[in-house]
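Here are some short exercises to work through with the structure open beside you. Try each task before reading its solution.

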Amino acid sequence: MTNDAIKLQSIRRVSEIIELLQKEGPLGATEITERLDVPTSTAHDYLSSLYDLEYLVKTEGKYDLGLRLLDHGIAARDRHAIADIGQQTITQLANETGEATWLVTEEHGRAVYLDYALGEHAVQTHARIGTRSYLHQLASGKSILAYLPEARVEGIIDRHGLEQRTPHTIDSRAQLLDELEATRERGYAINDQEAVEGARAVGKAIIVGGDVVGAISVVGPANRLTDQQLADGIVDQIRGAANELELKLGQA
């Protein structure tokens, strides 16, 4: 194995450890060794190095993620202009609708939640800041996909597939492409219990200089976010919020 291949393998192994601890931690060294199917000495070397670099903490013999990773994550988020500018807009939208509002961007073909605000009647779902989700499962994600070049959309589907999270999730390429066309025609996307059963959402892409830079969404219980509720004002409210963000970003 070449030196470059060894370095690449090491980077992947570090990534696997961090992702494992994010999902299942805290874990002992033996548990990590078994989960990743690596030699005990190799696992100990990686864990010791990550601990010394303060990326991991250790309590009662178990390793977990350290807060140094939080510093990196916040720095990455704050470098997105949409996150820096969008807080006031999504807070106002949450107050107007009474629901949860989210600011989302796309990275490596996945949706990444950058920020949120909760209205008076908001119900929090599984999402949190930093969560990475499949674009096709979300109103915000579909609104982003609708304005990406066709070749890019095909590439995202090829890379990530169309995982079905609920019985309502679109899992057909042809159906998704039809949905993206409908999204462009009406100017916004709808998520009808496709990410969480019992929850609906409406999403609007944020486009600056011809490029889609993210999306804004309103999420709520399906019995409240009905088609009539959307027509009675929520669609206009989210359009106004998206337009406000586009203007701010255009002047930034």
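**Exercise 1. Around Arg13**

Which side chain does the side chain of Arg13 join in a polar contact, and at what distance? Keep in mind that this is a predicted model. Then place Arg13 in the chain and list its contacts beyond its sequence neighbours.

*Solution.*
Step 1. Look at the side chain of Arg13: a polar contact of 2.7 Å joins it to the side chain of Glu16.
Step 2. Find the element: Arg13 sits in helix 1, residues 3–24.
Step 3. Set aside the neighbours within four places in sequence, and the contacts of Arg13 are Leu36, Val38 and Tyr46.
Step 4. For a sense of distance, take Asp52: 39 residues separate Arg13 from Asp52 in sequence, and their C-alpha atoms are 17 Å apart.

**Exercise 2. The two sides of helix 2**

Which residues of helix 2 are buried, and why can they be placed on the same side of the helix?

*Solution.*
Step 1. Helix 2 covers residues 29–36, and its buried residues are Ala29, Ile32, Thr33 and Leu36.
Step 2. These residues lie on the same side of helix 2 because they cover an arc of only 100° around the axis.
Step 3. A general rule helps here: an α-helix has 3.6 residues a turn, so residues three or four places apart point the same way.
Step 4. Now turn to the other side of helix 2, where Thr30 and Glu34 are exposed.
Step 5. Continue just past the helix: Asp37 has a positive phi of about 55°.

**Exercise 3. An annotated region and a three-stranded sheet**

Which residues does UniProt list for "domain: HTH iclR-type"? Describe that stretch, and then work out the strand order of the three-stranded sheet.

*Solution.*
Step 1. The UniProt record, an unreviewed entry, gives residues 8–67 for "domain: HTH iclR-type".
Step 2. Over residues 8–67, the chain is 63% helix and 17% strand, with 25 Å between the end C-alpha atoms.
Step 3. The three-stranded sheet is open and antiparallel, in the order 1-3-2.
Step 4. Its edges are strand 1 (27–28) and strand 2 (56–59), each of which pairs on one side only.
Step 5. Two bridges link strand 1 to strand 3 (residues 62–65) in the antiparallel sense, and Gly28 stands opposite Lys62 of strand 3.

**Exercise 4. The six-stranded sheet and its helices**

What is the order of the strands in the six-stranded sheet, and which helices pack on it?

*Solution.*
Step 1. The order is 6-5-4-9-8-7, in an open sheet with antiparallel pairing.
Step 2. Strand 6 (132–134) and strand 7 (189–192) are the edge strands, pairing on one side only.
Step 3. On average, neighbouring strands of this sheet are turned by 35° against each other, direction ignored.
Step 4. Helix 5 (residues 81–97) lies across strand 4 (100–107), strand 5 (110–118), strand 8 and strand 9 (211–221), and runs at about 55° to strand 5.
Step 5. Helix 9 (residues 227–251) also packs on the sheet, where it touches strand 4, strand 7, strand 8 and strand 9; its direction makes about 30° with that of strand 8.

**Exercise 5. A hairpin and Thr166**

How many bridges pair strand 7 with strand 8, and is Thr166 buried or exposed?

*Solution.*
Step 1. Strand 7 and strand 8 (residues 199–208) pair in the antiparallel sense over four bridges.
Step 2. Pick out partners in strand 8: Ala189 stands opposite Gly203, and Asp192 has Arg200 as its bridge partner.
Step 3. Six residues lie between the strands of this hairpin, and Gln193 takes a positive phi near 60° there.
Step 4. Now find Thr166 in the loop between helix 7 (150–160) and helix 8 (173–186).
Step 5. Its relative accessible area is 7%, so Thr166 counts as buried; the cut-off is under 20%.
Step 6. The Thr166 side chain reaches the backbone oxygen of Gln193 at 2.7 Å.
Step 7. Leaving aside neighbours within four places in sequence, Thr166 is in contact with Gln193, Glu194, Ala195, Val196 and Glu197.

Terms used
Residues are numbered from 1 along each chain as its sequence is written. This is a predicted model: local features need pLDDT of at least 70, side-chain atom pairs count only at pLDDT 80 or more; totals for chains, interfaces and linings use all residues. Side-chain values use heavy atoms; hydrogens and water are left out. Two strands pair if DSSP finds at least two bridges between them. Axes are lines fitted to C-alpha atoms, for helices over the stretch in contact, and angles run from 0 to 180 degrees between N-to-C directions. Contact means heavy atoms within 4.5 Å. UniProt positions are given in the numbering used here, feature names are shortened, and annotations may be inferred rather than shown by experiment. Buried means under 20% relative accessible area, exposed over 50%, partly exposed in between (1.4 Å probe, protein chains only). The arc is that of the directions from the helix axis to the C-beta atoms. A polar contact is a pair of N or O atoms within 3.5 Å; within protein, one must be able to donate a hydrogen and the other to accept it, and residues adjacent in sequence count only if both atoms are side-chain atoms.
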